[in-house]
Structures are given as C-alpha cells and as structure tokens.
Amino acid sequence: MAALCCKPCELCCKFFGTCIDEGCKCCCAVCTKPCELFHDFCCPTNRPSPIFLTFSVIVCGLPMIAGIIGLASGTSDPCDQPLFIYLAVSIVLNLLLIGFAVHLYLAFSKPYTGGPHDSNPMSRGSHMFCYDPIVLVFFLVFGGLLVMTIMGSVWSGTADQCNAEILSSTSTAVGFGWAYIIGGGIVLSFSWCVECGRVKNQGHIPVHHAGQNITVIKKPSLVERLFFPRPVPVVANPVPPPN
C-alpha cells in the first residue's frame, strides 16, 4: 500500500526534475554564447583587457559631444563666456585622456621581452611611470581636469540666467568629469589586475625575440570551465615488473 501511494509522488518528482534539468540545459545553451562574447571582450587571453579604454571613450567622449553642441548653440552673452571657456578646455582635456587610454592599451599589447624592465606588467608599468613622457602629460591633464571640473561646477551653479543649451552641456560635462575623476583610478586598477591575471594564467611570461613567432595556446574560457569541464587524464603509476 505504501509503495502504491508513493508511486504517483515519485513519478511527479521525476517529471518535474526532468523539466528542471532540461530547462537548465536550455538556459545554459542560450546563455553560453553571450557569456563567451562578454568574457572574450572583458578578459581576453591574447591581448590586454579593453575595460579602461572603453571606459575612457565613453566617459570622455560623451562630454566632448555635449561640449561641441554647447559651443555651437552659445551666444555672445557675457553670461555664457565662462561656460564657453570651460567647454572648450574640457573638449581638449577629454581628447587627451582618450589618447592616453589608447597609448596605454597599445603599450600593453606588445609582447613582453623578458628584460629587466619588461618581464611582467609590474615592471613594464613601473618603467612607463618613471620614463614615459606621455604618463607625465596624463598626470598634468588629470590635474587640469580636476581644476576645470571644480570651476565648471561653480560656474554652472551660478549661471541660472545663461543660455539653456550651453548650461545643459556644461552640467553634462561636469558630471562626466567627476565620473572620470572618481572612477578612472578604480577602473584603471581593475584593468591592471586583469592584465596581471592574464599573464599569470598563461603559465609563463611570453618572451619575444626578433625573428621568432609566438604561439599562444587558448585556454578554456570561464563558461567552458564551469559548464563544460574537460576530463583531466589520470596517468597511473607503472606496475613494477615481477621479481
């Protein structure tokens, strides 16, 4: 009697369990490709992560567009003159910041030579910090962005009677300026960690010499390791010969 009563429950559980199992497989199959694309973009194995470059293009590119719109819609009203100055300088500063992000991405795209100043991300970054003039220009530009963002915040806060278009463009540029000042260092540090992890996961530092080709073996991605693990071959110890 107990077996007969439990049989329907067992069938129901098996039915729902099969549905859930098949549903999970279907969801994994659907999500695999987008996850693969995001992983390959965020953490590629054959090049630096473009996170900081993408961040710079977005956070610096949008205020440049807003600045151009504001300059094109401005008037000769004396109230607009400080905002004109801010937008013009902001466009130049943001363009230089995008250029620095491109320079940094290209610098870390080169293979590591294995020399004393280029054996890993730390040594390459330290050498660039001390000897690369573009890094010095970046710190000067970053300081200029900080000063101009403070001035833009003050000017836009006291310019209620100015042209609405240029005031809106100034507010947009100020907002993105603070976003870069606050978030730029965080994103750059995260990109640095990803680069260190990329080199470490390769198992060795790829050393490049003139005339030699580099062969990079693509490792399984995160989704492959989680959902499609490959069996690791087990090598048994040889059986000793009989005495």
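Are F55 and Y180 buried or exposed? Both F55 and Y180 are buried, where buried means under 20% relative accessible area, exposed over 50% and partly exposed in between, with a 1.4 Å probe and protein chains only. Before we go on, note that this is a predicted model, in which local features need pLDDT of at least 70 and side-chain atom pairs count only at pLDDT 80 or more, while totals for chains, interfaces and linings use all residues. Residues are numbered from 1 along each chain as its sequence is written, and side-chain values use heavy atoms, leaving out hydrogens and water.

Let us begin with the interior. The largest nonpolar core (buried Ala, Val, Leu, Ile, Met, Phe, Trp, Tyr and Cys residues joined through side-chain atoms within 4.5 Å) has 39 residues, and F52, L97 and Y180 have the most contacts inside it. Two or more residues come from each of α2 (51-73), α3 (81-109), α5 (133-157) and α6 (164-201); helices here are DSSP runs of H or I with at least four residues, strands are E runs of at least two, and both are numbered from the N terminus. Helix α3 provides the largest share of this core, 14 residues. As for F52, setting aside neighbours within four places in sequence, its contacts (heavy atoms within 4.5 Å) are F100, A101, L104, Y180, G184, V187, L188 and S191.

Now for the rings. Searching the whole structure gives eight aromatic pairs; rings of Phe, Tyr and Trp (its six-membered ring) pair if their centres lie within 6.5 Å, with planes under 30 degrees apart counted as stacked, over 60 as edge-to-face and the rest as tilted. The F55 and Y180 pair is stacked, because the ring centres are 5.9 Å apart and the planes stand at 25°. F55 belongs to helix α2 and Y180 to helix α6, so this pair ties together parts 125 residues apart in sequence. The rings of F138 and F142, with centres 6.1 Å apart and planes at 40°, are therefore tilted. These two both sit in helix α5, four residues apart, about one turn of the helix. F138 counts as buried because its relative accessibility is 11%, whereas F142, at 25%, counts as partly exposed. One aromatic cluster joins F52, F55, F100, F129, F138, F139, F142 and Y180.

Finally, a smaller stop in helix α4 (residues 121-131), where S123 lies. S123 has 13% relative accessibility, so it counts as buried. Apart from neighbours within four places in sequence, S123 is in contact with P116, H117 and D118.
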